[in-house]
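Take a look at one helix and the enclosed spaces in this protein. Start with the model itself.

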Amino acid sequence: MSTIRAVRRGPAPIGRARAALNGFAARSPSRFAILVFTMLILVFTLLFSLPIASADGTVTPLADALFTAVSVICVTGLSTVDMATHWSVFGHLLVYLGVQIGAVGVLTMASILGLVISRKLGLRAKLMAASDSNPLRIHAGPVAEGQAVRLGEVGKLLTTVAISMVVIEGGVALLLFPRMLIAGMGFGASLWESLYYSAMAFTNTGFAPNAEGLTPFAEDFWFLGALMIGVFLGAIGFPVILAIASNLRQKRRRWSIHVKLTLLMSVILLVAGGLLYIVLEYDNPKTFGSLDAGHTIFQSFFLSTMARSGGFSTIDISELHGSSLLVTDMLMFIGGGSASTAGGIKVTTLAVLFLAAFAEARGVESMDAFRRRIPIDVLRLAVAVALWGATIVAVSTIVLLQITKAPLDHVLFDVISAFATCGLSTGLTAQLPEPGIYVMAATMFCGRVGTVTLAAALAQSQRKQLYQNPEERPLVG
C-alpha cells in the first residue's frame, strides 16, 4: 500500500507546477511573455555560442552570442560581429528562425502553434494572444468593444499573422529572386538569399546574408523597392492587415480608428522623412550629393522607410549630416504600428499625443478623430509609453557616453536604434567594449518588451478608488 501511495503522490509536484504556470500565464500574459522571452534569449545564446554555429568552428564569446540572440529575438538588426561571415549555415538558420519567432511575439507564436495542433483556440490562449496584439486589454474585468481586435476575432488575427507571414515573405522573395539571378548568383544562393532578405524585410530586422550587404543592389530600384514593400507591410501591424483583408471581401467597408490613424501617420511620416532627407542631404557628396535627381528622391524615401524600423541601408549612416541623424533619431523613436514587427513607441501613440495637444489648443475637453472620441485612459497610456521610452533612451545614452567617450550624436543614434529595434548604426555598436555590449542588449530587450509590458501592466492595474483627495492645480508649461 505504501508503494502504491508513493506512486500516486509522485506526479503531484509536476501537476502543481503546471497549474501554477497556467495560473501565472492567465493572470498576467504580459509578465509571462517576458519570462518566455528571457528563456528564449538564453536558449539562443547557448545555441549561438556553440562551435557549430560559427563559420570557423570556434566558440563565440558570451557577450557576442548574447547580443546576437537579443538582436535576433527582438528583431533589431544590430550586431557586434559580421553577421554574413561569422556564422555558419547552422548559425544563419538560427537567425532566420529567431526573427520569425520574435517578429510575431512569443505568445502569438505559441497560440498559432496551439491552433494548428488542436484546431481550436481556448479562452486562455485568446487572452494571451490578445495581450500581444493590444496592450490596452484589461485581463480582469470587462473589455471595451471599440478596440482594434476584439476577443472573438483573435482566431482570425492568428490566422492572418500566419498567412501574411507566408504570403508577404513569399511574395517579396519572388520579387527578389530573379534580380539575384540576373546579378550572376547561382540558383541555390539566389533562392536562399531571396528568402533571407524577404524575412529580414517583413520582420523589420535588416540583417544581410552576404558580406557586401546591399552594395551590389544599391541602384536597383526593383530590388530596393521590394524591400520597402516588405518593411512597410510588416510595420503597419497585423491588426491593420486583418482589417484590410476583411474589408476587401465586403461591399460596405468599415475602418476602425486604429487602422485609420496607423495608415495616415505611416504615410505622413514616410513622406515627411523622404522630403527632409532630400532637403538635408542633396548637397552631401558622401551620401546623395553625387546622385541625380531621380536617384536622390528614391534613396531618400528608401532611407525614410528603413529609418522607421527596417534597418537596411545603402549608405554609410555615419556620413549623414547631423541634422539628418536627428531626423532619423525621431523617425526611429516613433517606429511603426502597434502589434507589428516594427519597434518604437508606435505611430498611434504619437497620434494620440498630437490629438491631445490639438484638443488643448482648441480648448475642448475630448480628443476626437474621424468622428470618434478617444477616452482619456488611452492618452494616459500614450504618455506613459512615450515617457518611459524617453527615459530608457536617456539612461542608456548616459551610461554608454561614460563607457565609450564617443560623440553624443553617434551614441544617441545607436541607442535609439537599439530601443526602437531598428538596426541602423553609425558603426559604434560593432566597436563597443563588453560592458557597452550588455548595456545595448538590455536596451534592445526593454525596447521590444518594456513599453508594451508597461502598457499592459497599467491597464491591468486599474481599480476603484473609494475616495478622492482635494484638488489642487500645479503650474504647467
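Helices are DSSP runs of H or I with at least four residues, strands are runs of E with at least two, and both are numbered from the N terminus. This is a predicted model, in which local features need pLDDT of at least 70, side-chain atom pairs count only at pLDDT 80 or more, and totals for chains, interfaces and linings use all residues. Residues are numbered from 1 along each chain as its sequence is written, and side-chain values use heavy atoms, with hydrogens and water left out.

Begin at the end of α14. Just after this helix, glycine 311 has a positive phi of about 90°. The helix itself covers residues 293-310, 18 in number. From first C-alpha to last it reaches 24 Å, close to the expected 26 Å (1.5 Å times one less than the number of residues). Of its 18 residues, 13 are buried (under 20% relative accessible area, 1.4 Å probe, protein chains only).

Now the empty space. A cavity is a set of points on a 1 Å grid over the protein atoms alone where a 1.4 Å probe fits but cannot get out; lining residues have an atom within 4 Å of a point. Volume is the space filled by probe spheres set on the points, which are joined across faces, edges and corners. Two cavities of 30 Å³ or more are present.

The largest holds about 60 Å³. Its lining is Val231, Phe232, Ala235, Ser266, Leu270, Thr305 and Arg308. Elements giving two or more of these residues are α11 (221-236), α13 (257-281) and α14. The biggest share, three residues, comes from α11.

The second largest cavity has about 40 Å³. Phe288, Gln299, Phe302, Leu303, Ser313, Thr314 and Ile315 line it.

Methods. Buried < 20%, exposed > 50% of the residue type's maximum accessible area, 1.4 Å probe, protein only. 1 Å grid on protein atoms, 1.4 Å probe; cavity = no way out; pocket = protein on both sides within 12 Å on 5 of 7 lines; lining within 4 Å.
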